[in-house]
Amino acid sequence: MDAERLQAQNRLLIRQRVRLMVNQYEVHAETPDGGEGELLAFAQQKRLAFKEQVTLYADDSKTRPILGFKARKRIDLASAYDITDANGQPIGVFRKDFKKSLIASTWHLEQPGLGVTTGSERNKFVAVLRRLWNFIPYAENLPFAWPYHFDFHAGDQVVFSVEKKFGLRDRYVVDIKDPRLDRRLVVAQAVALDALQSR
C-alpha cells in the first residue's frame with residue numbers, strides 16, 4: 001500500500017474472506033463504476049486469541065506489514081486498542097464504549113491533532129435485532145450477515161461512515177468526508193467493527 005495513494009481515497013471497499021482459523025479482510029479502492037479496484041491492504045486476525053491483535057499487510061502475501069492494532073489488556077470489554085504504523089510507532093487509539101454499546105455499538109477513535117471521533121449505529125432497531133439474533137442457537141454459524149451503518153462524528157459533523165451490506169458474505173463500504181482523517185486509522189477502525197463487534 002502506498003501511503004499517499006491510500007490517503008487520497010474517499011471511498012474504500014472491504015470484503016471479508018471466509019477462513020477456518022483466521023478472519024481475513026481485503027481493503028480495495030473503488031473503481032469509477034463502483035467495483036473493487038486495486039488492493040490497498042490485507043488484514044488478518046487470529047480467532048480465539050487471548051489478547052486481540054490484527055495486522056494489516058500491503059497484500060495477501062503477508063510479507064510487508066504496514067499497520068496493526070492490539071488490545072492493551074487481555075479479555076477486557078472496554079479495552080483500548082493501540083494503532084501502530086509499520087515501524088511500531090503509535091498513530092492512534094480506538095476503544096469500544098461498553099455501556100453505550102448495550103443498546104447500539106459505540107466506538108471512539110482518537111487521532112493526534114484531530115481529537116476524538118465517535119461512531120455509533122445509525123439504526124437502533126437494527127442494532128437490537130442483531131443482538132436478538134445472537135441468542136438464536138447456531139445463528140453465528142449461518143452464512144448470513146446483518147447489515148449495519150456506523151456514522152463517526154466530530155462534534156455535529158459526520159467525518160466518515162462504515163456500512164455493512166446485506167448479504168451472505170461480509171462486505172463494507174467506507175465513506176470518508178474529512179480530508180484530515182488518517183486513512184490508516186479509518187481502515188483499522190472499519191476492520192475492527194467486524195473483527196471485534198461481538199466482544
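A salt bridge is a side-chain nitrogen of Lys or Arg within 4 Å of a carboxyl oxygen of Asp or Glu. The model on display is predicted, and several stops on this tour make use of that definition.

**The whole chain**

Begin with the full chain in a cartoon view. The chain holds three helices and 12 strands. Of its 199 residues, 48% count as buried. The accessible surface comes to about 10,700 Å², and carbon and sulfur atoms account for 54% of that area. Among the contacts in the chain with a separation of 6 or more, 39% are between residues 24 or more positions apart.

**First selection: Arg184 and Asp182**

Select Arg184 and Asp182 and show their side chains. These two residues form a salt bridge, and their closest N and O atoms are 2.7 Å apart. Is Asp182 buried or exposed? Asp182 is buried, because its relative accessible area is 13% and the term applies under 20%. Arg184, with a relative accessible area of 25%, is partly exposed.

**Second selection: helix 3**

Extend the selection to residues 183-195, which make up helix 3. This helix has 13 residues and spans 18 Å from its first C-alpha to its last, close to the 18 Å expected at 1.5 Å a residue. How many of the residues of helix 3 are buried? The count is 12 of the 13, so the helix is largely enclosed by the rest of the structure. Among the buried residues are Arg183, Leu185, Gln189 and Asp194.

Keep Asp194 selected and add Lys164. The two form a salt bridge with their closest N and O atoms 4.0 Å apart. Lys164 belongs to strand 11 (residues 157-164) and Asp194 to helix 3, so this pair ties together parts that are 30 residues apart in sequence. Both Lys164 and Asp194 are buried.

**Third selection: the nonpolar core**

Next, select Leu56, Phe69, Ile83, Phe94, Phe160, Val174 and Leu196. The largest nonpolar core has 42 residues, and these seven touch the most other members. Which element gives the most to this core? Helix 3 does, with nine residues.

Focus on Leu56 and display its surroundings. Leaving aside residues up to four places away in sequence, Leu56 touches Ala41, Phe42, Ala43, Pro65, Ile66, Leu67, Phe69 and Val187. Of these neighbours, Val187 is one of the buried residues of helix 3.

**Fourth selection: strand 1**

Move to residues 11-17, which form strand 1, and pick Leu13 within it. Leu13 counts as buried because its relative accessibility is 9%. Measure from its C-alpha atom to that of Glu36: the separation is 6.6 Å, although the residues are 23 apart along the chain. Apart from residues up to four places away in sequence, the contacts of Leu13 include Val27, His28, Gly35, Glu36, Tyr172 and Val173. Glu30 is also one of the residues that Leu13 touches.

Now add Arg11 to Glu30. They form a salt bridge, the closest N and O atoms being 3.3 Å apart. Arg11 is in strand 1 and Glu30 in strand 2 (residues 22-30), so the pair ties together parts that are 19 residues apart in sequence. Both ends can be inspected in turn: Arg11 is partly exposed at a relative accessible area of 32%, and Glu30 is partly exposed at 28%.

**Fifth selection: a salt-bridge network**

The chain has 12 salt bridges in total. To examine several together, return briefly to Arg184 and Asp182, whose closest N and O atoms lie 2.7 Å apart, and then select Arg15, Arg17, Glu26, Glu36 and Asp60. Salt bridges that share partners join these five residues into one network.

**Sixth selection: Lys62**

Select Lys62, in the loop between strand 4 (53-57) and strand 5 (65-71). Most residues other than glycine have a negative phi. Lys62, by contrast, has a positive phi near 55 degrees. Lys62 is partly exposed, with a relative accessible area of 33%.

**Final selection: a nonpolar surface patch**

Finish with Phe98, Leu102 and Ile103, shown as a surface. Together they make a nonpolar surface patch of about 300 Å². Where is Phe98 found? Phe98 is in the loop between strand 7 (90-96) and strand 8 (106-111). Its relative accessibility is 38%, so Phe98 counts as partly exposed.

Notes:
Residues are numbered from 1 along each chain as its sequence is written. This is a predicted model: local features need pLDDT of at least 70, side-chain atom pairs count only at pLDDT 80 or more; totals for chains, interfaces and linings use all residues. Side-chain values use heavy atoms; hydrogens and water are left out. Patches are made of residues with over 30% relative accessible area and no salt bridge: like charges are joined within 9 Å, nonpolar side chains (Val, Leu, Ile, Met, Phe, Trp, Tyr) within 5 Å. Accessible areas come from the Shrake-Rupley method with a 1.4 Å probe; for residues, only the protein chains shown count as cover. Helices (H or I, at least four residues) and strands (E, at least two) are DSSP runs, numbered from the N terminus. Buried means under 20% relative accessible area, exposed over 50%, partly exposed in between (1.4 Å probe, protein chains only). The expected span of a helix is 1.5 Å times one less than its number of residues. Contact means heavy atoms within 4.5 Å. A nonpolar core is a set of buried Ala, Val, Leu, Ile, Met, Phe, Trp, Tyr and Cys residues joined through side-chain atoms within 4.5 Å.
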